[in-house]
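Hi,

Here is the structure I promised to send over. Have a look at it first, and then read on for what I found in it.

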Amino acid sequence: MAQPDNKKFFENLSGAGKAIGVLTSGGDAQGMNAAVRAVVRMGIYVGAKVYFVHEGYQGMVDGGDNIKEASWESVSSMLQVGGTVIGSARCKEFRAREGRLKAAYNLVQRGITNLCVIGGDGSLTGANLFREEWSSLLEDLLQQGLIDSEAVQKYSALHIVGMVGSIDNDFCGTDMTIGTDSALHRIIEVVDAIMTTAQSHQRTFVLEVMGRHCGYLALVSALACGADWVFIPEMPPEDGWEEQMCQKLSECRSRGSRLNIILVAEGAIDRHGKPITSSTVKDLVVRCLGFDTRVTILGHVQRGGTPSAFDRILASRMGVEAVLALLETTANTPACVVSLCGNQAVRLPLMECVQMTQEVQKAMDEGKFEEAVRLRGRSFENNLNTYKLLAHRKPECELPKSSFNVAVLNVGAPAAGMNAAVRAAVRVGISEGHTMFAVSDGFEGFYKGQIKEIKWGDVGGWTGQGGSLLGTKRTLPAKHIDKIAEQMRANNINALLVIGGFEAYLGLLDLLAARGEHDALCVPMVMVPATVSNNIPGSDLSIGADTALNAITDTCDRIKQSASGTKRRVFIIETMGGYCGYLASVGGLAAGADAAYIYEEPFDIRDLQANVEHLTEKMKTSIQRGLVLRNENSNDNYTTDFIYQLYSEEGRGVFDCRKNVLGHMQQGGAPSPFDRNFGTKIAAKAMQWISKKLKESYRQDEGRVFANTEDSCCLLGMRRRALVFQPVVQLKDQTDFVHRIPKEQWWLKLRPLMKILAKYKTSYDVSDSGQLEHVVRNRPKEADTSTL
């Protein structure tokens with residue numbers, strides 16, 4: 001079948017004759033192994049030789065067995081392993097030219113002129129210096145008689161591509177570094193566990209997290225768990241903070257809270273540069289308030305454990321992107337870093353990122369803390385502003401005066417992160433001066449009059465709760481429009497925030513269509529997508545999808561491990577999602593699946609047979625386990641049972657088969673850090689939009705709100721790099737209403753990536769891959785996309 005002319009496929013980018021070295025350097029981070037695996041498999045796939053450089057730069061300097069050619073099988077079963085299996089070490093020798101000369105000799109001996117470096121800013125800066133010196137290093141080796149002039153000519157240029165592996169997320173130019181999300185998982189797991197014991201004993205806990213120079217982990221953890229106070233190096237507290245903090249803690253207890261959580265980044269300082277330690281904070285609380293207070297220092301727990309689904313997907317995408325970048329480099333291409341901005345791959349000049357990262361530290365050293373926050377990027381700044389908005393309640397006298405009533409409700413199936421979104425909406429609404437109302441049980445509760453005022457303290461501790469505390473139903477409003485309009489009038493509801501899935505989207509369309517008959521429905525309405533299926537048109541991501549992905553990935557890890565040491569085995573796993581194949585496809589990428597069957601990509605018996613044959617060949621090597629995912633509605637006839645029986649029969653004598661239906665476990669559990677923060681930030685943004693629309697649509701002469709335009713009924717979704725408000729009526733053309741999915745879905749472009757990493761021959765469209773850009777110091781506000 002001919003490929004469309006407007007697409008560019010990587011078959012034109014051959015790696016034949018090229019050698020790529022991959023190394024991990026500096027501190028380890030979860031997800032590094034996924035990046036190494038992707039580089040090795042993509043490199044081999046395009047015809048290049050790929051070499052492991054063990055123990056980072058030290059291995060490059062020492063040479064010998066530290067630099068070994070990688071095979072396809074050598075990276076099997078490492079996707080779910082934390083740390084870095086090829087080792088990482090800090091190397092003093094490489095800092096000296098003599099050490100770099102040895103490293104250059106070892107690379108030339110193997111014909112390696114392409115390096116993929118996974119590490120922090122120090123490691124990447126070292127790689128760039130190595131690249132700049134490469135020509136002179138080869139001249140030195142020639143003069144010493146270690147190489148000949150032909151080698152100098154043949155290996156004249158060294159190409160560098162970096163991936164940032166750092167749990168601190170301290171590298172400018174990228175929304176998320178490899179390892180950050182997994183570290184947040186470790187922190188939130190500990191905080192959730194500590195909260196139960198703190199509540200039992202009415203204790204205050206002071207938790208110290210990593211971040212010597214960057215407060216990202218502390219800040220985002222505070223946002224994700226609703227901490228009472230947070231200390232970060234970029235924004236030291238104002239003088240007199242001791243009294244303010246104690247007053248805040250005391251007020252929380254007086255409102256009925258039985259615990260306090262304080263987070264401290266290890267590099268936290270006050271305005272005069274004096275360190276603020278966890279023990280200092282504990283002593284202060286005990287001395288001033290007499291609260292029973294404990295300190296927990298998380299330490300290297302944050303670096304350990306299995307990588308999260310997000311980190312596996314990020315690292316896999318970046319590993320493939322790094323190989324593509326190396327294939328496209330010329331002698332004049334600057335060393336670049338591959339990263340994500342929103343959900344879009346980008347390539348940025350390495351030294352621009354390093355220089356901005358260094359500027360942050362310089363600003364902090366000079367006491368220019370506002371400048372340091374700005375340089376960290378719009379994402380960091382928004383996290384800080386959102387935390388301040390939600391954690392610190394203004395006195396009544398300082399709140400803006402508003403007579404508006406805003407209702408919030410959950411619609412559709414429960415999704416982890418809904419409660420975090422409700423909490424953010426309620427608190428931002430109160431901060432804006434509105435009276436907030438909670439509607440129980442979705443539209444069903446709405447027409448039955450299950451509406452009551454909800455206050456600041458009512459949503460305390462909601463961020464970590466799974467499911468929907470408001471209650472949610474799938475009932476659509478169309479049959480009950482009259483009663484809903486009556487309830488809107490009776491409770492004087494001036495705006496509506498709906499948090500939910502496809503039913504919420506349909507419900508908003510129903511309410512919009514009924515505006516002509518009911519003036520009470522002519523108010524600003526906004527929907528925030530929340531569904532594990534991630535099937536909402538107008539948004540690339542939905543609240544709850546990340547938690548479901550982690551449930552799938554964790555379960556697949558356990559299922560695969562259950563076959564460890566047994567005979568060859570293939571597992572057939574059924575996922576949720578309705579007709580949307582997001583969970584099966586992206587979960588398959590995160591879990592290292594061999595195939596994922598979905599509705600959007602039709603398959604027949606020939607495809608099933610080809611997959612069986614592929615697995616049969618694979619099982620004849622050292623690989624012992626196979627994994628196949630199937631979306632629940634991918635095909636009416638090729639059911640999970642059918643596929644299980646087919647694989648069992650066709651694989652007889654080579655492998656046996658097991659099946660597993662994951663079911664509602666994908667919907668349950670505590671929300672992931674990603675979903676807590678995505679829910680918090682998107683709901684806060686939605687409430688600020690509501691406040692703006694209320695002011696615009698208030699008719700002074702009539703004393704009421706009247707909003708009847710298309711843009712007063714919107715969906716707030718993430719599109720590529722931006723959070724965008726889109727009128728729901730304009731999304732109708734983008735929707736397949738029969739199958740409840742968007743007509744176009746961005747993640748379908750990731751499917752070939754999964755197939756490539758599973759050794760299938762396929763076409764991979766690289767027209768959407770990262771292009772070299774420049775670091776932007778100040779993105780416009782509407783382009784702020786980071787969800788964490």
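One thing before you dig in: this is a predicted model.

Let me start with a pairing that is easy to find on screen. Strand β19, residues 595-597, runs parallel to β20, and three bridges hold the pair together. If you want a spot to zoom in on, Ala-596 has Leu-629 of β20 as its bridge partner.

β20 also pairs with strand β18 (residues 569-575), again in parallel, this time through seven bridges. Here Arg-569 sits opposite Arg-625 of β20. And how enclosed is β20 itself? It covers residues 625-631, and six of those seven residues are buried, so the rest of the structure largely encloses this strand.

The other place I'd point you to is strand β6, residues 204-209. Six of its six residues are buried, so β6 too is largely enclosed by the rest of the structure. Which way do its side chains point? Thr-204, Val-206 and Glu-208 go one way, while Phe-205, Leu-207 and Val-209 go the other, and all of them are buried. That fits the usual pattern: in a regular strand, side chains alternate between the two faces of the sheet. Worth noting if you care about charged groups: Glu-208 is among the buried residues.

β6 has parallel partners as well. Six bridges link β6 to strand β8 (residues 260-265), and in that pairing Glu-208 is matched with Val-264. Five bridges link β6 to strand β9 (residues 293-297), also in parallel, with Val-206 standing opposite Val-295.

Now for the whole chain. There are 23 helices and 27 strands in it. Its C-alpha atoms fill a box of roughly 90 × 70 × 50 Å along the principal axes. Is the chain compact or extended? A compact globule of 788 residues would have a radius of gyration near 28 Å, and this chain has 27 Å, so the two agree.

A few more numbers for your notes:

- Buried residues make up 61% of the 788.
- Of the contacts with a separation of 6 or more, 79% are between residues 24 or more positions apart.
- The accessible surface is about 29700 Å², and carbon and sulfur atoms account for 47% of that.
- There are 87 positive and 90 negative side chains, with the centres of the two sets 3 Å apart.

Shout if anything is unclear.

Cheers

How values were computed: Residues are numbered from 1 along each chain as its sequence is written. This is a predicted model: local features need pLDDT of at least 70, side-chain atom pairs count only at pLDDT 80 or more; totals for chains, interfaces and linings use all residues. Side-chain values use heavy atoms; hydrogens and water are left out. Buried means under 20% relative accessible area, exposed over 50%, partly exposed in between (1.4 Å probe, protein chains only). Helices (H or I, at least four residues) and strands (E, at least two) are DSSP runs, numbered from the N terminus. Two strands pair if DSSP finds at least two bridges between them. The radius of gyration is taken over C-alpha atoms; the globule rule is 2.2 Å times the number of residues to the power 0.38. Contact means heavy atoms within 4.5 Å. Accessible areas come from the Shrake-Rupley method with a 1.4 Å probe; for residues, only the protein chains shown count as cover. Lys and Arg count as positive and Asp and Glu as negative; His and the chain ends are not counted. The place of a charge is taken as NZ of Lys, CZ of Arg, CG of Asp or CD of Glu.
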